[in-house]
Amino acid sequence: MEKYVCNICGYVYDPAKGDPDNGVAPGTAFKDLPESWVCPDCGATVDEFEKAE
Amino acid sequence: MKKFFKAQQVSPNVWWVGAIDWNVRNFHGYLTDRGSTYNAFLIIDEKITLVDTVKAPFADEMLARISSVIDPEKIDYIISNHAEPDHSGALPAAVAAIKPEKIFTSAAGAKTLNLYYGDLGYTAVKTGDSVDLGNGKCAFVDTKMLHWPDSMVTYYDRDKLLFSQDAFGMHLACSKLWADENPWSVMEYEVRKYFANILNLYSEKVIALLDSLPGLGLDIEVILPDHGPLWRKDLDKIIQLYRDCALQAPVPRAVVVYATMWGSTKVCAEAFADGVRSKGVEVETADLLVNDRSNIMTKVAGAGLIAFGAPTMNNQVYPAMADIMNYIKGLRIKNKIAFAFGSCGWSGEGAKQIAALFDELKLEQPLPMKQVKYMPQSNETEEFFNAGAELAEKLLEKINNK
Ligand SMILES: [Fe+2]
Ligand SMILES: [Fe+2]
């Protein structure tokens with residue numbers, strides 16, 4: 001599964017790790033993130049994310 | 001009217017050309033009771049470079065200081081390390097006076113400056129990029145989200161200086177430019193206050209950045225922040241202070257923050273504080289109606305034990321407490337022993353909302369929330385005293401077991 005990086009702050013969403021602090025289980029693909037999910041570092045919405053190179 | 005201001009030399013090839021804002025007391029809601037400065041710097045090399053500018057109303061002061069060294073039109077480059085208006089507000093005036101060949105900023109900086117001032121012609125740079133000034137060069141390091149997406153720092157190798165924008169800065173107007181010429185106690189307090197109110201939520205990024213510094217291979221002798229005095233001695237000390245702030249390790253100090261309508265919550269607050277005091281732990285109480293939000297945050301950041309108390313009003317936690325709750329939540333305080341309390345007439349949402357916030361912030365609450373009806377009775381004030389004593393002991397245990 002692909003990693004995504006936040007354009008605003010550089011945070012990398014790694015599907016293998018998920019975001020357990022915010023209720024996202026490890027193994028959750030980026031496209032399956034809940035609509036309400038925002039960047040845990042800066043609060044940016046998912047449309048600010050790009051596929052990591 | 002031409003203003004008369006002079007630059008001050010900070011290294012063989014660099015001059016301070018900033019502005020001193022002696023009388024600012026409210027900096028976007030931060031109580032600047034000692035004023036502030038907006039530092040800008042002029043590098044005299046083959047390519048003459050201005051690093052950062054000042055808040056818009058101080059453009060004349062900056063340009064006057066520049067003119068005391070060199071005709072502003074001789075400046076070739078401007079570097080904008082941070083797009084926030086306290087450092088970029090004078091950029092349009094500077095560009096008009098200087099007509100620079102290039103303006104260097106981060107990619108996010110270019111976007112942000114464009115929204116504030118229109119396209120003044122920005123050149124985006126990132127970590128690893130540098131610009132040759134002739135005798136020396138400026139290397140750029142991204143510091144995204146420290147504390148805005150655009151934030152970066154610049155290293156000038158010829159004089160071994162790091163232009164650190166808001167990092168390592170403080171709000172303090174003073175006529176002595178160097179930190180070592182000012183009392184350390186004031187430096188420490190103001191750095192802690194600045195960190196608590198501006199950077200606390202990015203503590204982990206600060207630690208990562210400090211850890212990565214040695215690997216960048218920069219030989220830094222002087223750190224030039226954009227606010228307050230500059231650092232040329234004992235850089236380890238300021239770097240260690242930053243690490244301390246970012247670690248948020250427990251310290252043997254407590255603060256009881258409260259709001260009160262008819263004095264009931266205050267009685268609980270004072271009983272609790274006296275219990276803390278009885279165990280030899282330093283403690284203070286702070287009434288939200290007379291203490292500024294930024295000073296409360298400074299006290300909270302500097303305490304290992306925090307107790308928040310408030311009445312319930314209109315079925316909600318009292319408004320002044322809601323304000324500080326919102327503030328500390330955003331600033332992501334951590335690693336504290338916490339206690340929620342209050343007084344109410346009937347419904348009692350106040351202390352419950354405080355306890356819920358502490359839970360959300362994952363702060364340890366060894367004792368359940370405690371709320372009294374109308375006025376604490378003598379057995380209840382005693383319970384508050386005992387709660388203070390018990391949590392003070394818990395704090396000391398936590399520190400000793402580290
Ligand atoms: Fe800033
Ligand atoms: Fe600033």
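Donors are N, O and S atoms within 2.8 Å of the metal, and water is not among the atoms, so sites may look incomplete. The legends below describe close-up views of a predicted model.

**Figure 1. Donor residues of the iron ion (ligand 2) in chain B.** The protein donors are D86(B) through OD, H87(B) through NE2, D166(B) through OD and H227(B) through NE2, at distances of 2.1 to 2.2 Å from the iron ion (ligand 2). Along the sequence, these donor residues follow the spacing D-H-x78-D-x60-H. The four donor atoms form angles of 83 to 168°, and the site is classed as irregular. Distant parts of the chain are linked by the pair D166(B) and H227(B), which stand 61 residues apart. D166(B) belongs to the loop between β15 (161-165) and α5 of chain B, whereas H227(B) belongs to the loop between β16 (222-225) and α7 of chain B.

**Figure 2. Donor residues of the iron ion (ligand 1) and the bridge to the iron ion (ligand 2).** The iron ion (ligand 1) has as protein donors H82(B) (NE2), E84(B) (OE), H147(B) (NE2) and D166(B) (OD), which lie 2.0 to 2.2 Å from the metal. In sequence, the spacing of these residues is H-x1-E-x62-H-x18-D. Angles of 93 to 169° are subtended by the four donor atoms, which makes the arrangement irregular. The two iron ions, ligand 1 and ligand 2, lie 3.5 Å apart and are bridged by D166(B). H82(B), in the loop between β9 (77-79) and α2 (85-88) of chain B, and H147(B), in the loop between β13 (137-142) and β14 (152-156) of chain B, are 65 residues apart and link distant parts of the chain.

**Figure 3. Backbone geometry at H147(B) and K160(B).** Most residues other than glycine have a negative phi, and most peptide bonds are trans. The peptide bond joining L146(B) and H147(B) is cis, with omega about 0°. H147(B), a donor of the iron ion (ligand 1), is placed in the loop between β13 and β14 of chain B. K160(B), a residue other than glycine, has a positive phi near 55°. The location of K160(B) is the loop between β14 and β15 of chain B.

**Figure 4. Packing of helices α5 and α7 of chain B.** Helix α5 (residues 184-199) and helix α7 (residues 235-247) pack at an angle of about 40°, their axes being 10 Å apart. The two helices are therefore oblique to each other, and the crossing is right-handed. From α5(B), the contact involves W184(B), E188(B), V191(B), R192(B), F195(B) and L199(B). The α7(B) side contributes K237(B), I238(B), L241(B), Y242(B), D244(B), C245(B) and A246(B). By class, nine of the contact residues are nonpolar and four are charged, with no polar residues.

**Figure 5. Packing of helices α8 and α12 of chain B.** Helix α8 (residues 264-278) and helix α12 (residues 378-400) cross at roughly 40°, and their axes come within 6 Å. α8(B) and α12(B) are therefore oblique to each other, in a right-handed crossing. Among the contact residues are V267(B), A271(B), F272(B) and G275(B) of α8(B) and F384(B), F385(B), G388(B) and L391(B) of α12(B). The contact comprises 11 nonpolar, four polar and one charged residue.

**Figure 6. Surroundings of E73(B).** E73(B) is in the loop between α1 (59-67) and β9 of chain B. Apart from its neighbours within four places in sequence, E73(B) is in contact with A97(B), I98(B) and K99(B). E73(B) and I98(B), 25 residues apart in sequence, have a C-alpha to C-alpha distance of 4.4 Å.

How values were computed: Residues are numbered from 1 along each chain as its sequence is written. Chains are lettered from A and ligands numbered from 1 in the order in which they are written. This is a predicted model: local features need pLDDT of at least 70, side-chain atom pairs count only at pLDDT 80 or more; totals for chains, interfaces and linings use all residues. Side-chain values use heavy atoms; hydrogens and water are left out. Axes are lines fitted to C-alpha atoms, for helices over the stretch in contact, and angles run from 0 to 180 degrees between N-to-C directions. Helices (H or I, at least four residues) and strands (E, at least two) are DSSP runs, numbered from the N terminus. Angles under 35 degrees count as roughly parallel, over 145 as roughly antiparallel, 65 to 115 as roughly perpendicular and the rest as oblique. A crossing is left-handed if the near helix is turned anticlockwise from the far one by less than a right angle, and right-handed if clockwise. Contact means heavy atoms within 4.5 Å. Ala, Val, Leu, Ile, Met, Phe, Trp, Tyr, Cys and Pro count as nonpolar, Asp, Glu, Lys and Arg as charged, and the others, Gly among them, as polar. Donors are N, O and S atoms within 2.8 Å of the metal (3.2 Å for Na, K and Ca); water is not among the atoms, so sites may look incomplete. Four donors count as tetrahedral if all angles lie between 85 and 135 degrees; four count as square planar and six as octahedral if opposite donors are over 155 degrees apart and all others between 65 and 115; anything else is irregular.
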